[in-house]
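Let's take a walk through this model together, going from its sheet to its cores and its helices. Please keep the sequence and the structure open beside the text.

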Amino acid sequence: MLKEVIESEIIRLYETKKSIADICSLLKVSHGKIYNILNKNNIKKDKRSRKIRNTKISYIEIISLYKSGISVKDISTKYDICENTVYSAIKKIDRSFKLKYSKNEEYFDIVDTEDKAYFLGLLYADGCNNGEGFYITLQERDMDILLKFKDYLEFSGDLRLIRLKNRNYYSLNVSSRKLSNVLTNHGCNINKTINAIFPKISSELMNHFIRGLFDGDGSVSIDRRNQINFSIVGNSDIISEVGNIINRECNINVKIRKPKRYKCDISIYQFGGNKQAKRVEEYLYKNATIFLDRKRLKFIKDGDKTNML
């Protein structure tokens, strides 16, 4: 849903004569992503899109400003260029120069703890591996889980605030080709909606990975029959594996559907029933310490209403 909101906002801004550089700065997305969205929607680009390349400031001046203590964001705003251009300038002029934000680039090398499995699942659901690192954007009410991720990753930067249609979102943006490559090795590929591959994770940690997926792309509710409804939606190959695991671990038999309303290869694992929901809830939250509080509470409150628990 968030990706659709950002895409529609990019199109709206461009059609109101905003430049590519302006949109980069406003939404904190790369110019490459904007080009892809414009191309996908058959929107003709004009000379305004060259503005980012016609900036009067040189790469040498950019790195000089950065070394003098001016932040990437301030350089981007002052000279009307997107932040990715500033990063590229720094890397091109001085490859040994380290950006000010530190992080643990070995964090996902081996997925051997609850937190790594959970956050990998959350990235599969709501993250984006862009080849230069990754970013994940969530609603303001879910900011706490991003702060936890930031702490586990030992990332020294701040979350970015994004305002869209009177709603606030927060984004964790991490630049690291190493982390990008490691995510790709796990199967969280670039354009993961189409290309994702199910990761190899031990059975002891699988429920944490699936809980991360659920927190990103899942939902729980009560239907008119006072029955719990549970669902996870996503890449068909991923959902197929998830469905098989939940069915096996919870001793239930739920079939996976591919609704025609989805344009891409998207499937949904969905069922209604209090006894089944109870088993799935126990599996997902077994030995869990990291999760979205609102979804955990929703499970508990809906379970109380239906006498599930």
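R257 has I268 of strand 8 as its bridge partner. Strand 7 (256–257) and strand 8 (266–272) pair antiparallel over two bridges; here two strands pair if DSSP finds at least two bridges between them. Helices (H or I, at least four residues) and strands (E, at least two) are DSSP runs, numbered from the N terminus.

This is a predicted model, in which local features need pLDDT of at least 70 and side-chain atom pairs count only at pLDDT 80 or more, while totals for chains, interfaces and linings use all residues. Residues are numbered from 1 along each chain as its sequence is written, and side-chain values use heavy atoms, with hydrogens and water left out.

**The sheet**

The pairing just described belongs to an open sheet of four strands, ordered 5-6-8-7 with antiparallel pairing. Strand 5 (218–222) and strand 7 are the edge strands, each with a single partner strand, so one side of each has no neighbour in the sheet. Strands of a sheet pair through backbone hydrogen bonds, either parallel or antiparallel.

The three pairings can be set side by side:

| Strand pair | Bridges | A bridge pair or opposite pair |
|---|---|---|
| Strand 5 and strand 6 | five bridges | S221 and N229 |
| Strand 6 and strand 8 | seven bridges | V233 and I268 |
| Strand 7 and strand 8 | two bridges | R257 and I268 |

Five of the seven residues of strand 8 are buried, so this strand is largely enclosed by the rest of the structure. Buried means under 20% relative accessible area, exposed over 50%, and partly exposed in between (1.4 Å probe, protein chains only).

F230, in strand 6, is buried too, with a relative accessible area of 1%. Which residues does F230 touch, not counting those up to four places away in sequence? They are F214, S219, Y269, Q270, F271, V280, L284 and F299, where contact means heavy atoms within 4.5 Å. One of them, Y269, is 39 residues from F230 in sequence, and their C-alpha atoms are 8.1 Å apart in space.

Helix 12 packs on the sheet, touching strand 6, strand 7 and strand 8, and its direction makes about 140 degrees with that of strand 6. For such values, axes are lines fitted to C-alpha atoms, for helices over the stretch in contact, and angles run from 0 to 180 degrees between N-to-C directions. S236 lies in helix 12 and is buried, with a relative accessible area of 8%. Beyond its neighbours within four places in sequence, S236 contacts K258, D265, I266 and S267.

**The nonpolar cores**

A nonpolar core is a set of buried Ala, Val, Leu, Ile, Met, Phe, Trp, Tyr and Cys residues joined through side-chain atoms within 4.5 Å. The largest has 60 residues, and F108, F209 and I210 touch the most other members. Helix 7 (residues 114–126) gives this core its largest share, eight residues. Apart from it lies another core, of 17 residues, among them Y14, V29, I34 and I162.

Setting aside neighbours within four places in sequence, F108 touches K116, F119, L120, L123, F149, L179, V182, L183 and H186.

**Helices that pack**

Helix 7 also packs against helix 11 (residues 203–217), at an angle of about 35 degrees and with the axes 7 Å apart. Among the residues making the contact are A117, L120 and G121 of helix 7 and F209, G212 and L213 of helix 11.

Helix 8 (residues 143–152) has I145, L146, F149 and K150 buried. Why are they on the same side of helix 8? They cover an arc of only 145 degrees around the axis, the arc being that of the directions from the helix axis to the C-beta atoms. Their cover includes helix 7, strand 2 (133–139) and strand 4 (167–175).

**Positive phi values**

Most residues other than glycine have a negative phi. E154, which follows helix 8, has a positive phi, near 60 degrees. N251 has a positive phi near 55 degrees and sits in the loop between helix 12 and strand 7; at 63% relative accessibility, N251 is exposed. Phi of N287 is likewise positive, near 55 degrees. N287 belongs to the loop between helix 13 (274–284) and helix 14 (293–305), and is exposed, with a relative accessible area of 62%.
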